[in-house]
Amino acid sequence: MDAFLIRKAAQSNKNNSKGSSEPPFKRVKKEDSHESDEDLDHDLRSNSPPLKPLPGVQRLGAITSELDDETPQQSDAEIDQPRRTAIESSLPEVKSGKEALEEYENFRASQVNNGDSATAESRLESRKWVRGKTSLYVDAFNLALNTVLDEESHLFDEKEMYIFDEWKNLSYEAQFLYVRLFLRKTASWHRISRLRYHDDIADTEAAVYKLQRGRDFPKSSSNTSSPRLVPEPPDPKLGSLAQDRCVFNENFAFADISEEYITSVEEAVALLSLDEAKALAKEAKVQGKTKAELLKAICKMSNQQAGLFSLGLRRSSTATSVDSPDQGTPEAESPGPGLSDDSNRRKHFLEKILAIAGPCIRLSLPVFRLFERVHLVFYRSTEWTEKSLTTIILAKISKLNFPKYIVSRSANIFTSRAQLLEFETAMRTEYAVDNILEFNGPVTEVGFRKVIETFEGIYPRWKTLLQEEQEKEERVYESGEGAYLRRLNPAHSYTRIVHKAAHVFGRLKEYKREHALLTELLDQRLFHLARRGSWYQRKALLEEHYMYALESEPAYTNPELQKKHWKRIAATTCETALEDRDCHLIYHYDIQKRLVKLEKQLKIPKRLQHDFGHVRLQKPEEHFVEGIQLKKDDVVGKKGRAASTKTIWIDEDEGGGECSVEAMCLSWYRSQGWKGYHAEGGIVRTLFAYLFFDILFLYIPNVFQTAYQTCPLDLHTDAFYPTRASEINYRLVEIANGGAAKLIEEVDRRERENRTCVVGLSWDYELEDLLELAGSFDGAALAAVCKVMAQEYGQRGGGIPDLILWRTEPREEVMFAEVKSANDHLSDTQRLWIHVLTGAGVKVALCNAVAKEVREI
């Protein structure tokens, strides 16, 4: 196995400490809230914000913008912030600046020069590079490819294997250029004259030529069926939302040539810089205030049609276009309709723009998607986002110590090529549904009907896969290995589509079909277990308010008796939900309220009604803290945006310096005898990491794919809790019985010296404070908080109140405080955490900052 997959002994690094041994005078915020790549369970609530769209194929987010500054920076509006994949969430936060990476490369390269004989694996293991001959990016790219081919080559056909062979025969410089473009906005053309990789590429034009050169497939493979990147599975017949007609014909190239494929002014003009667009606009005698207006005016002057599809092109230069179903690299033999005799003006503008831009390169989409599939298999990723190599590279070169665990990489996750291709198709179908419901503004009835059409197409296949997976669960899977593997099953995406379809049926007021789908979703216990609470909630609501009038053969002819009949069914649904081990704790309060209301409406005798008084929520306390607020006149935010809404205050209790509103309120609580931190959940995640350290790194097949993880891959998913339910529940009982302090001491004694990288754990918190805080918690309350974190770690990292406070006199007590200044309101996630904490018996306060004086500065 390679350097990514072999666990090495941790090395002590005492110099890695981030601070002095002296505690800070003020306990300040340690961590930012964390968001997961897993969908929120409440994404269908009417008051919930829409999910963020998955980015197209822009390969790097923030990391790339720091590491690769050769290209002009795009505005924030042009760059999508990508959601983190499972592997990226499991790796440590590392310094990612370009200077840090280059400094480390140069340091290692200055020690040893092994020439070209070293392999990618050996160079990554020994961290030895030679600038201009080897590269971390190329080595990591090839390492992923070699690992997949060594273990899972059965997933690729003859033509694809030939492409891999041709890739291996490319020169280092050609590979380097491809990988760097692969990590960028691959759907765009890149001007060759602006590719500034001179440190690694001596002859850019030669590297470009090798990528753009056409290659014929061997005749022996010409009779094989064309490998479609997203095939049309025979069952079910998926609609056009997920079809990808990208095929390999008799030849291929790694990159496209601009002279053959750019045939419209609209596509060519996007290559111009602002200054070039101004010069061309001046010559064409058109005007515009912005670059977009200038380009539009130039296109209008050229008498071109507004859209590329009218010219026969199947691919645009936008990042999101790659995910649309009909996109593909146009055939060189048919670039579009020919220019007629009366198109001299268009031809003139096109030639002039191409002359200004010069030769350009764009990665060929079929080959790009083939390599993207390689990364999907290597990273075991269920997110159709960028498969950035830099995260794992930076984790590798960082001087960090990782926990000891068993790396387990199964080679039979995808048993066949057909299963892999169906998985890809399912993810693209899921993305198409999300694109309709979440990312394009208000949804019309036409959009809803498209979702229903997609649902009808996948429904039979979903039922078949459910039955197959249930048989595997009963006869094949052991040690809980099925839970995470199921996320790589097409049924995982299909289940979410069914979930979305149920919502659509509700929006269309087809409540009977919605109820039937919810019943089917609850009948299976294999996929999306974290959503079971929301399914129970919605099912009970339908049974209480709608189902009595929708039965074709009602149980009672009397409408009132029929209503009572369905209310009894709704009450049974609520009881079932509260007894369901997979119904997460965050849903219990709302379900309990509905059950109590139904029992009163049904006039059930008091002695037979449920009593949830032991978990009745207490209203948060209201605290008012007065202080001096500072206001700055004419403050403008970055890049001309509106100024930040964060307020500035004077910390009267800590020397009179400027501070945030949270720090000012924390000082006030300190004056009242409380100790605490402004951590916004950071210290809660640290406690969770201490208390569940051994469970986090318990051996579970397939959740530790590399030796550089800070958590298992399934931590941010709904598979984490059920896979370890026995161990977690035992630990919760241990915590409830007062064993938290012992667990914290054991982990701290074993790991603090090495400052082991563990998700959520900050070694900057003092052991004394952690022990005191854990001791101040009621054991059952701390166990309840930990259970929520175990069930929904990815979704509940945010929303925890700003301040965590504790005191030992006059009695041991813990309190959370959410700080609000004028015009601030609680978000849904904040309200949820307040419900969880108050339901567990923890005191919660709403701390209102009041300005007794406002000073202008």
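Contact is taken here to mean heavy atoms within 4.5 Å of each other, and on this basis helix H32, which spans residues 828-839, is found to lie across two strands, S11 (813-820) and S12 (843-856). The direction of helix H32 is at about 135° to that of strand S12. These values, like the others reported below, were computed from a predicted model.

Strands S11 and S12 belong to an open sheet of seven strands, whose order is S8-S7-S6-S12-S11-S10-S9 and whose pairing is mixed. The edges of the sheet are formed by strand S8 (657-660) and strand S9 (675-678), each of which pairs on one side only. From one strand to the next, the twist averages 40°.

In general, the strands of a sheet pair through backbone hydrogen bonds, and the pairing may be either parallel or antiparallel. Within the present sheet, strand S6 (residues 621-631) pairs with strand S7 (residues 648-651) in the antiparallel sense, over three bridges. Leu630 has Ile648, in strand S7, as its bridge partner.

For the protein as a whole, 32 helices and 12 strands were assigned. Of its 857 residues, 55% count as buried, while the surface exposed by the protein comes to about 38,800 Å², of which carbon and sulfur atoms supply 48%. When contacts between residues at least 6 apart in sequence are considered, 78% of them join residues that are at least 24 apart.

How values were computed. Residues are numbered from 1 along each chain as its sequence is written. This is a predicted model: local features need pLDDT of at least 70, side-chain atom pairs count only at pLDDT 80 or more; totals for chains, interfaces and linings use all residues. Side-chain values use heavy atoms; hydrogens and water are left out. Two strands pair if DSSP finds at least two bridges between them. Helices (H or I, at least four residues) and strands (E, at least two) are DSSP runs, numbered from the N terminus. Axes are lines fitted to C-alpha atoms, for helices over the stretch in contact, and angles run from 0 to 180 degrees between N-to-C directions. Buried means under 20% relative accessible area, exposed over 50%, partly exposed in between (1.4 Å probe, protein chains only). Accessible areas come from the Shrake-Rupley method with a 1.4 Å probe; for residues, only the protein chains shown count as cover.
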